[in-house]
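Ready for some practice in reading a protein structure? Take a moment to look over the sequence and the model, then work through the exercises below.

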Amino acid sequence: MKVLVLEQTAELAELIGLYLSSISSAEVTATHRTEDVMEGLKAPVDVFIFNQQFMAAGVDAAYKECLARNPRAAMVIIGEKAQDGHYLLQSSNLVQEIKEMTKAPFWRGLSGKPAELPLPLSPYLVYRLGVCPADLFLKLGDNNWVKLFHRGSPFGEEEQKKFESKGLREFYVLAEDVQKTMGYFEDLLSALKASEDVPLIADASEFIWHALKENGFHEEIQRVAHLAVKQSLAAVRKDPELASFVEKIFRPEHAWMVRHNLIITHIACAMATQLGWTSEQTYMKIATAALLHDLALPRHDMDEEIWLLSASGEKLKEGMDPEVKAFLQHPIEGAQMIRRHKLIPPDTDKILLEHHELPEGGGFPRGLTAPQISPLGAVFILAHASATILLQEGHPTKWRMTALLERLTASRWHGGHFGKAWQALEKSELFPK
Ligand SMILES: [Fe+2]
Ligand SMILES: [Fe+2]
């Protein structure tokens, strides 16, 4: 299956190309130059994706050429208005729209395989709901699922224990059932007293993370994510000691990603407090960015690996394999994903865009230097670095402030807002010296 993408912003064209290649087996050519498209159209093309502005500006030679040479090709317009017989990708939410497109009948007809995969849901969360919010599946192997519970079946402690005693850690919910499932969570999370039930926050955060990643920013999911973020902040406030927070909030089965996200929230909020940035809006920005910052990762365990490489001064820009190249785009892609959504605080996208930059300019995607990085970005970057190191150190009872500061290397965190961020980290009493 051959796909041609014409988008006049070079960066966006590259991003669409990378993204499409990462979620489908299509052979994708993405460009911002009409000449390249004309060249590409000499061979048969199955799907032609192009920006509507080309039509409005009258630059429709490529479109006409495609119609003439490949009358059966599917036409996909990036823009705001639908056009007869063409599939529309709304430019305001491109990543999610592209994902939806891969489920559309024309795409499935061409690629022959559905993009849909079930989402993991912890038995603990289902137990807390008391009822199965959707049909629950068990994974037996790749593309091999068995339905274990029907939607609406009661699910109590006994069922949870039985399930977990067999060493089974996750149910799966079909992606199409996620929105229904969210309705069940909303009541549960609104009624929750964070101080009383912290593990539920980590479970909910984990499921919401997957739901946002796979299903996008539907209003219902956003509302529940907003609630979960508020609850995570309440839990952070309740436990200013990081090690005690970690012990209370996580169970062994919680994934690296949810630990990473919630530990960043904790550290960055402690630093903001030290800096006197104590508005609710600032804390919400931090916690929202922490939940969302790695949503666009192609493979979840890469964040740690590549952060360590970039922090050690390894040059990541040139000569990397396609997977690493796609990884280097995740801050841009993440920022694009969350833009313009109602419940996301303004400028949270900026934190996402900056989260892998480093003060001396060795970070990515833009290789910014300290003075170019925003104040909250600097705090988040340092909290992200600290969380990555701590998760490598093993059990929280072993965490020591002096060891953390030593591994972070004081001398690198200066310039711009990093000096103050470093002092705030030093002053924050997250765990023993
Ligand atoms: Fe990241
Ligand atoms: Fe990260």
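Two residues are in contact if their C-beta atoms, placed from the backbone, lie within 7 Å. Keep in mind that this is a predicted model.

**Exercise 1. Find the surroundings of V28: which residues is V28 in contact with, leaving aside its neighbours within four places in sequence?**

Step 1. Locate the residue: V28 sits in strand 2, which covers residues 27–31.

Step 2. Apply the contact rule. Once the neighbours within four places are set aside, V28 is in contact with V3, V5, G17, L20 and S21.

Step 3. Check one distance. V28 and L4 are 24 residues apart along the chain, and their C-alpha atoms are separated by 6.0 Å.

Step 4. Decide on burial. A residue is buried if 20 or more other C-beta atoms lie within 10 Å of its own. V28 has 20 such neighbours, so V28 counts as buried.

**Exercise 2. Describe the chain as a whole: how many helices and strands does the chain have?**

Step 1. Count the elements: there are 21 helices and nine strands.

Step 2. Judge the compactness. The radius of gyration is 23 Å, close to the 22 Å that the globule rule gives for 433 residues, so the chain is as compact as a globular protein of that length.

Step 3. Add the outer dimensions: along the principal axes, the C-alpha atoms fill a box of roughly 70 × 55 × 35 Å.

Step 4. Look inside. Buried residues make up 42% of the 433 residues. Among contacts with a separation of 6 or more, 70% come from residues 24 or more positions apart.

**Exercise 3. Explore the domains: what does the side of domain 1 that touches domain 2 consist of?**

Step 1. Set the bounds. The domain assignment gives domain 1 as 2–111 and domain 2 as 239–427.

Step 2. Place the domains: their centres, taken over C-alpha atoms, are separated by 34 Å.

Step 3. Find the contacts. Eight residues of domain 1 are in contact with nine residues of domain 2.

Step 4. Name the contributors on the domain 1 side. Helix 1 (10–23) and helix 5 (94–101) each supply at least two residues, and helix 1 gives the most, with four residues.

Step 5. Sort the residues of that side: five are nonpolar, three are polar and none are charged.

**Exercise 4. Examine helix 21: which of its residues are buried?**

Step 1. List them. In helix 21 (residues 418–427), the buried residues are F418, A421, W422, A424 and L425.

Step 2. Look down the helix axis. The buried residues fall within an arc of 160 degrees, so they line one face of helix 21.

Step 3. Find the packing partners: these residues pack against helix 13 (256–274) and helix 19 (375–393).

**Exercise 5. Hunt for backbone exceptions: where are D347, T409 and P365?**

Step 1. Recall the usual case. Most residues other than glycine have a negative phi, and most peptide bonds are trans.

Step 2. Take D347, in the loop between helix 17 (330–338) and helix 18. Its phi is positive, near 75 degrees. D347 counts as partly exposed because it has 14 C-beta neighbours inside 10 Å.

Step 3. Turn to T409, in the loop between helix 20 (401–408) and helix 21. Phi of T409 is also positive, about 65 degrees. With 10 other C-beta atoms within 10 Å, T409 is exposed.

Step 4. Finish with P365, in the loop between helix 18 (348–354) and helix 19. The peptide bond from F364 to P365 is cis, with omega near 5 degrees.

Definitions and conventions: Residues numbered from 1 in each chain as written. Chains lettered and ligands numbered in written order. Predicted model: local features only at pLDDT ≥ 70, side-chain atom pairs only at ≥ 80, totals over all residues. Buried ≥ 20, exposed ≤ 12 C-beta atoms within 10 Å, placed from the backbone. Arc of directions from axis to C-beta. Domains from an automatic or database assignment. Nonpolar A, V, L, I, M, F, W, Y, C, P; charged D, E, K, R; others polar. Rg over C-alpha atoms; globule rule 2.2 N^0.38 Å.
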